[in-house]
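Open the model in your viewer and keep the selection box at hand. Each stop on this tour says what to select and what is there.

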Amino acid sequence: MKQFIAHIALVVKDYDEAIEFYTQKLGFKLKEDTLLSETKRWVLVTPPGEGQCSLLLAKAASPEQEFSVGNQTGGRVFLFLFTDNFQRDYQVMRSKGIEFVRPPAKEDYGTVAVFKDLYGTLWDLIEPAR
């Protein structure tokens with residue numbers, strides 16, 4: 001049996017501004033942008049590299065969903081972006097205006113810093129320990 005997580009839904013306010021943030025600021029690739037209806041699109045972005053998991057950018061369609069934009073995990077880190085070169089990616093992200101809310105730290109599992117996406121969703125940038 002083979003199983004894997006293919007996509008993780010991330011509720012966003014606007015498709016186009018989210019695509020711009022993830023592709024221009026984080027360097028993700030736009031994998032798919034398909035119109036499903038007048039108000040709904042199937043938008044997948046993936047980080048550079050060989051991972052299989054994509055983010056499904058899902059536009060909030062109700063007040064309850066709008067309330068969760070940027071806070072899908074109640075203020076905890078939601079997503080974990082692994083890198084093969086922490087310093088390179090940290091410097092590039094800072095130069096593009098990414099807000100880091102916790103500075104880089106060396107932990108047993110690797111080097112990590114916490115940043116926010118355009119809506120305030122918390123991410124870890126991690127270079128795993130060798």
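Two strands pair if DSSP finds at least two bridges between them. Helices (H or I, at least four residues) and strands (E, at least two) are DSSP runs, numbered from the N terminus. In general, the strands of a sheet pair through backbone hydrogen bonds, either parallel or antiparallel.

This is a predicted model, in which local features need pLDDT of at least 70 and side-chain atom pairs count only at pLDDT 80 or more, while totals for chains, interfaces and linings use all residues. Residues are numbered from 1 along each chain as its sequence is written, and side-chain values use heavy atoms, with hydrogens and water left out.

**Stop 1: the sheet with β1 to β4**

Select residues 41-46 and 54-59. These are β3 and β4, which pair antiparallel over 3 bridges. Within this pair, L44 stands opposite L56 of β4.

Now add the other strands. The sheet is open, has 4 strands in the order β1-β4-β3-β2, and its pairing is mixed. Which strands stand at the edges? They are β1 (7-12) and β2 (29-35); each has a single partner strand, so one side of each lacks a neighbour in the sheet. On average, neighbouring strands here are turned by 25° against each other, direction ignored.

Next select residues 15-25, helix α1. This helix packs on the sheet and touches β1, β2, β3 and β4; contact means heavy atoms within 4.5 Å. The direction of α1 makes about 155° with that of β4. For such angles, axes are lines fitted to C-alpha atoms, for helices over the stretch in contact, and values run from 0 to 180 degrees between N-to-C directions.

**Stop 2: one residue in β4**

Select S54, which is found in strand β4. Is S54 buried or exposed? S54 is buried, with a relative accessible area of 2%. Buried means under 20% relative accessible area, exposed over 50%, and partly exposed in between (1.4 Å probe, protein chains only). Not counting residues up to four places away in sequence, S54 touches A6, H7, I8, K31, L44, V45 and T46.

**Stop 3: the core**

A nonpolar core is a set of buried Ala, Val, Leu, Ile, Met, Phe, Trp, Tyr and Cys residues joined through side-chain atoms within 4.5 Å. The largest one has 28 residues, and Y22, L55 and L57 have the most contacts inside it. Two or more residues of this core come from each of β1, α1, β3, β4, β5, α3 (86-95), β7 and β8. Helix α1 gives the largest share, 5 residues.

Select L57 and show what surrounds it. Leaving out residues up to four places away in sequence, L57 touches L10, V12, Y15, A18, I19, Y22, V43 and V45.

**Stop 4: the sheet with β5 to β8**

Select the second sheet. It is open, with 4 strands in the order β5-β8-β7-β6 and mixed pairing. At its edges stand β5 (79-82) and β6 (100-107), each with a single partner strand, so one side of each is without a neighbour in the sheet. The twist averages 20° from one strand to the next.

Centre the view on β7. Of its 7 residues, 6 are buried, so β7 is largely enclosed by the rest of the structure. Strands β6 and β7 run antiparallel, joined by 5 bridges, and they form a hairpin with 2 residues between them. Here R102 stands opposite V114 of β7. V114 also stands opposite D124 in β8.

Finally, select residues 110-116 and 122-128. These are β7 and β8, which run antiparallel and are joined by 7 bridges. In β8, E127 is the bridge partner of T111. The hairpin of β7 and β8 has 5 residues between the strands, and G120 there takes a positive phi near 100°.
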